[in-house]
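Here's a walk through a predicted model, starting from one residue and working outwards. Keep the structure open beside you as you read.

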Amino acid sequence: MKKILIGIDPDTEKSGYAMINGKTKQLRNLRFFELFKMLYFVKNHPEFKGCDIKVFIECGFLNGGNRHFQAAASTAFNGKISERVGANHEIAKKICEMCEFLELPFEQIRPTRSKTDSKFFEQITDIKERTNQEQRDAYMLIHGR
């Protein structure tokens, strides 16, 4: 059975999206409904019928607590940070709900890795195209599975 792995790094603007389909690797940044459209396509397109599809979603809310504040910063500044973190957590929860709706198996992944720079990413993945942090984070969720 052909295995399809999808990694998603949720974000309020555009989420990082990575897919491994055999030897084909795809990296993108997708808005929320573009992501829905992509997952719907993978779920329903005849090319993927009978494939073992699994989605891996980075879920920052699994870490618990919000320790992103800066002691020297103003309350307003720290409030903005908390607002953005909370919004990203909500996007992750909505993507999980999206997978449930589409009946796609998914796994919530606790973020533990440090960020991967493009040079190191290219060394371990052999992906030579230009990537951004969201794409690399999404790909690292499925690398080596």
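Let's begin with E58, which is buried, at a relative accessible area of 19%. That puts E58 under the 20% cut-off for counting as buried. You'll find E58 in strand β4. What does E58 touch, once residues up to four places away in sequence are set aside? The list runs I8, D9, P10, A92, I109, P111 and L141.

Now zoom out from that residue to the chain as a whole. The chain has four helices and five strands, and reading along the sequence gives the pattern β-β-β-α-β-α-β-α-α. There are 145 residues, and 37% of them count as buried. If you take the contacts in the chain with a separation of 6 or more, 66% of them come from residues 24 or more positions apart. As for the outside, the chain exposes about 8900 Å², with carbon and sulfur atoms supplying 50% of that.

Next, the sheet. In general, strands of a sheet pair through backbone hydrogen bonds, and they do it either parallel or antiparallel. Here, five strands make an open sheet in the order β3-β2-β1-β4-β5, and the pairing is mixed. Why do β3 and β5 each have one side without a neighbour in the sheet? β3 (24-30) and β5 (106-109) stand at the edges and each has a single partner strand, so one side of each is left bare of sheet neighbours. From one strand to the next, the twist averages 15 degrees.

Look at the pair formed by β1 and β4. Strand β1 covers residues 3-9 and strand β4 covers residues 52-58, and the two run in the parallel sense over six bridges. If you want a spot to start tracing, K3 has D52 as its bridge partner in β4.

D52 also turns up in the surroundings of M1. M1 sits in the segment before β1 and is exposed, with a relative accessible area of 80%. Even so, M1 has partners from elsewhere in the sequence: leaving aside neighbours within four places, it is in contact with G50, C51 and D52. M1 and D52 are 51 residues apart along the chain, yet their C-alpha atoms are separated by 6.5 Å.

On to the helices. Helix α1 (residues 32-44) lies across β1, β2 (15-21), β3 and β4, and it runs at about 150 degrees to β3. Helix α2 spans residues 75-102 and holds K94. Is K94 buried, exposed or partly exposed? At a relative accessible area of 34%, K94 is partly exposed. K94 makes a handy landmark for a long-range pair, too: K94 and F32 are 62 residues apart in sequence, but 9.3 Å apart in space, C-alpha to C-alpha.

That leaves α3 and α4. Two packed helices are described by the angle between their axes and the distance between those axes. For α3 (residues 118-125) and α4 (residues 133-140), the angle is about 35 degrees and the axes are 11 Å apart. The crossing of α3 past α4 is left-handed. On the α3 side, the contact is made by S118, F121, I124 and T125, while α4 brings R136, Y139 and M140. Sort the residues of this contact by type and you get four nonpolar, two polar and one charged.

How much of α4 is hidden? Six of its eight residues are buried, so α4 is largely enclosed by the rest of the structure. The buried ones are Q135, R136, D137, A138, Y139 and M140. What covers them includes β1, β2, β3 and α3.

Finally, two loop residues deserve a glance at their backbone. E103 lies in the loop between α2 and β5, and its phi is near 55 degrees, a positive value in a residue other than glycine. E103 counts as exposed, at 62% relative accessibility. D126 lies in the loop between α3 and α4, and it has a positive phi of about 70 degrees although it is not a glycine. D126 is exposed as well, with a relative accessible area of 56%.

Terms used
Residues are numbered from 1 along each chain as its sequence is written. This is a predicted model: local features need pLDDT of at least 70, side-chain atom pairs count only at pLDDT 80 or more; totals for chains, interfaces and linings use all residues. Side-chain values use heavy atoms; hydrogens and water are left out. Two strands pair if DSSP finds at least two bridges between them. Axes are lines fitted to C-alpha atoms, for helices over the stretch in contact, and angles run from 0 to 180 degrees between N-to-C directions. Contact means heavy atoms within 4.5 Å. A crossing is left-handed if the near helix is turned anticlockwise from the far one by less than a right angle, and right-handed if clockwise. Ala, Val, Leu, Ile, Met, Phe, Trp, Tyr, Cys and Pro count as nonpolar, Asp, Glu, Lys and Arg as charged, and the others, Gly among them, as polar. Buried means under 20% relative accessible area, exposed over 50%, partly exposed in between (1.4 Å probe, protein chains only). Accessible areas come from the Shrake-Rupley method with a 1.4 Å probe; for residues, only the protein chains shown count as cover.
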